[in-house]
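User: Could you walk me through how to read a model like this one? I'd like the general idea each time, then the actual case.

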Amino acid sequence: MKPNNNPLTTYGLVAGVVGQVGCLILLVILGTMLLGWGMDEFFGTRPTMMFVMLLVSVPISIAGIFFYTRYKAKQLHGSAVQKEEDISE
Amino acid sequence: MNSFWNGKRRFVALFMFLAGVFVALRVPPVIPFIQLPGENFPEGYNVPFTDIRITNTLVAGVIVWVILLLLIAYVARRRPKDGSTVPPGGFYNMFEALFEGLMGFIGGIAGGPHFRIIFNTFMTIFLVVLIANWMELVPGIDTVGFIHPHVKEKYDADTDEYKVVTTDGYEIYQGFLGISYVNGQCDWISPADEAAADEAAQARADAAAISAQQAQIEAAAYDRYQAAHAEHGAEEADDSHGDEAGDDHGSDDHADIAVDSDSIAAAKNEVLDARTAEKQARRDRGCYTGVAPSAWEDGYVEPDKSEKKLIPLHPEPGSEEAKQVPWVVLPFVRVASTDLNMTLTLGIIAFVMIQYVGFKALGIGYLTKFFNFGTLLKSPLGGIDVAVGLLELIGDFAKILSFSFRLLGNIFAGSILLFVMSFLVPILPWPFFILEFFVGVIQALVFGLLTAIFMQLATVSHHHDDDHDHAEAH
């Protein structure tokens, strides 16, 4: 199999990952806020649940970024190792 | 770390915590005012030698650059002379560690002949964005400022001039997720106080009804007494009846007094109507108890946006005109990254640098990345390359938008989150400050890193694959 060692592809992947990381916090906060809002509407506890869910979003977003970055880094690293093996073969 | 919290620092932290609790319990909360564009300073605060009004985000931008220049001056001064073995220590060491770490990091991504320019751009953007982002954590920023009438200038086509009109009617209402626009003129009344005022009005109305009834009875008794007295006088003149008969007659009349229930109800309603009118007047001014009612709540009256009252831009405080003006706090300094002008400028700078380094590396051949007509004649599928090239062109311009909106969205949302949480629940929002601390770093890193990656990408020839294939073939 012909290895895909085009730097454009690799950098493009990295750029995509970085861009996604940049928006992850916003998405997590927005998601938890909407969830809290919905729960408040459902239980009539406004604004308690929204505040609680926003509080929950703090560790989720930080941990989310950490694990997402690690996962993607592993993927990229794995593909890089695979490429090296392909080249050596 | 443990020693950090020993001694006086513990008491300072405890004092700040207790002071926070005290302020939170004693001072009624204010509904935050949210505006996306940077707010203009009042008249007279222009950029020197121009007619351009200073904005509070511009002030923050200037502060960022001043801090950055001071940082550079400090680092340059503390930098050890070549050959010196004395470690500088302190903040310089931390900065050097950060600098070296990032240098290695970028070197791994964009090491090569263009490393220097890529790293310089990355580091500049990183530091500017980082300082700008972290400013939102500083107390007083976004919260201390001019007490400013919330009015705006509007063009009046009839008189062909600009008039200052209130923004009454639309600047205060409940927005998405309960975030309200504020009317700084309205003093905050808690729902409990509002209910107490309603009860007091009800009690006053009942008292008014009772006193009206009492007044009717007394008036009727007085009339009867007058009538009886007149009758009694006439009878005395006739010498035909005694006092007793007159008194009996009077007591019979007392029992038969018909109370006018309509007038009593009117007296009661007068008090209640006054209370309703008072509440309505508050609502007409855009003042609500706590947060403004939503459009879907009962009792919500859509504010009349068509009528604009002409008022001066800066009315004398305490005057009648000033009472018509909604007052808001216009912060002296607002985080620069919450202004699209700043993020867009950085996005354009990043875009220009990407193109610059592309041309520097590949010369005029860099343009074949966008206008790839060369393959059109070589291959029947060359048309695809042309289309891809044009997409690349669009994609490069789209980078400006993605850069600017990513940073703006994150930091603006973070700022709102911080102060909405601060107003919603006192003391507890500290986790959000930690979050925003991380968001500030991550966004700065993302902005800088993406610029570095795109710059490195621009230096890579688009025909790399072809070259590689040729090399393999040989």
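Analyst: We'll go through confidence, the chain contact, helix packing and one backbone angle. This is a predicted model, where local features need pLDDT of at least 70, side-chain atom pairs count only at pLDDT 80 or more, and totals for chains, interfaces and linings use all residues. Residues are numbered from 1 along each chain as its sequence is written, while chains are lettered from A and ligands numbered from 1 in the order in which they are written.

User: What pLDDT does chain B average, and where is confidence lowest and highest?

Analyst: pLDDT is the predictor's confidence in each residue, from 0 to 100. Where it is low, the predicted coordinates should not be read in detail. Chain B averages 76, and 67% of its residues score at least 70. Helices here are DSSP runs of H or I with at least four residues, strands are runs of E with at least two, and both are numbered from the N terminus. Confidence in chain B bottoms out in helix α13 (residues 464-473), with a mean of 46, and peaks in helix α4 (residues 115-134), at 96. Residues 305-312 of chain B also have pLDDT below 50, yet that stretch has 18 contacts in the model beyond near neighbours in sequence. A contact means that two C-beta atoms, placed from the backbone, lie within 7 Å. Residues 464-474 of chain B stay under 50 too, with five contacts beyond four places in sequence. For the model as a whole, ipTM is 0.82 and pTM is 0.68.

User: How many residues does each chain give to the contact, and which element of chain A gives the largest share?

Analyst: Chain A puts in 23 residues and chain B puts in 28. On the chain A side, the elements giving two or more residues are α1 (7-43) and α2 (48-88), and α1(A) provides the largest share with 15 residues. Sorted by class, that side has 19 nonpolar, four polar and no charged residues. For the classes, Ala, Val, Leu, Ile, Met, Phe, Trp, Tyr, Cys and Pro count as nonpolar, Asp, Glu, Lys and Arg as charged, and the others, Gly among them, as polar.

User: At what angle do α3(B) and α4(B) pack?

Analyst: Axes are lines fitted to C-alpha atoms, for helices over the stretch in contact, and angles run from 0 to 180 degrees between N-to-C directions. Under 35 degrees is roughly parallel, over 145 roughly antiparallel, 65 to 115 roughly perpendicular, and the rest oblique. Helix α3 (residues 90-110) of chain B packs on α4(B) at about 130°, with axes 10 Å apart, so the two are oblique. Among the residues that meet are B:Leu102 and B:Ile106 in α3(B), and B:Phe115 and B:Phe122 in α4(B). That contact has nine nonpolar, one polar and no charged residues.

User: And how does α4(B) pack with α9(B)?

Analyst: Helix α9 (residues 340-362) of chain B and α4(B) pack at about 175°, with axes 11 Å apart, so they are roughly antiparallel. The meeting residues include B:Ile125 and B:Val129 in α4(B), and B:Met353 and B:Val357 in α9(B). Here the split is eight nonpolar, one polar and no charged.

User: What is the phi of B:Phe49, and is this residue buried or exposed?

Analyst: Most residues other than glycine have a negative phi. B:Phe49 has a positive phi of about 65° although it is not a glycine, and its place is in the loop between α1 (8-26) and α2 (56-78) of chain B. B:Phe49 is exposed, with 6 other C-beta atoms within 10 Å. The cut-offs are 20 or more other C-beta atoms within 10 Å of its own for buried, 12 or fewer for exposed, and partly exposed in between, with C-beta atoms placed from the backbone.
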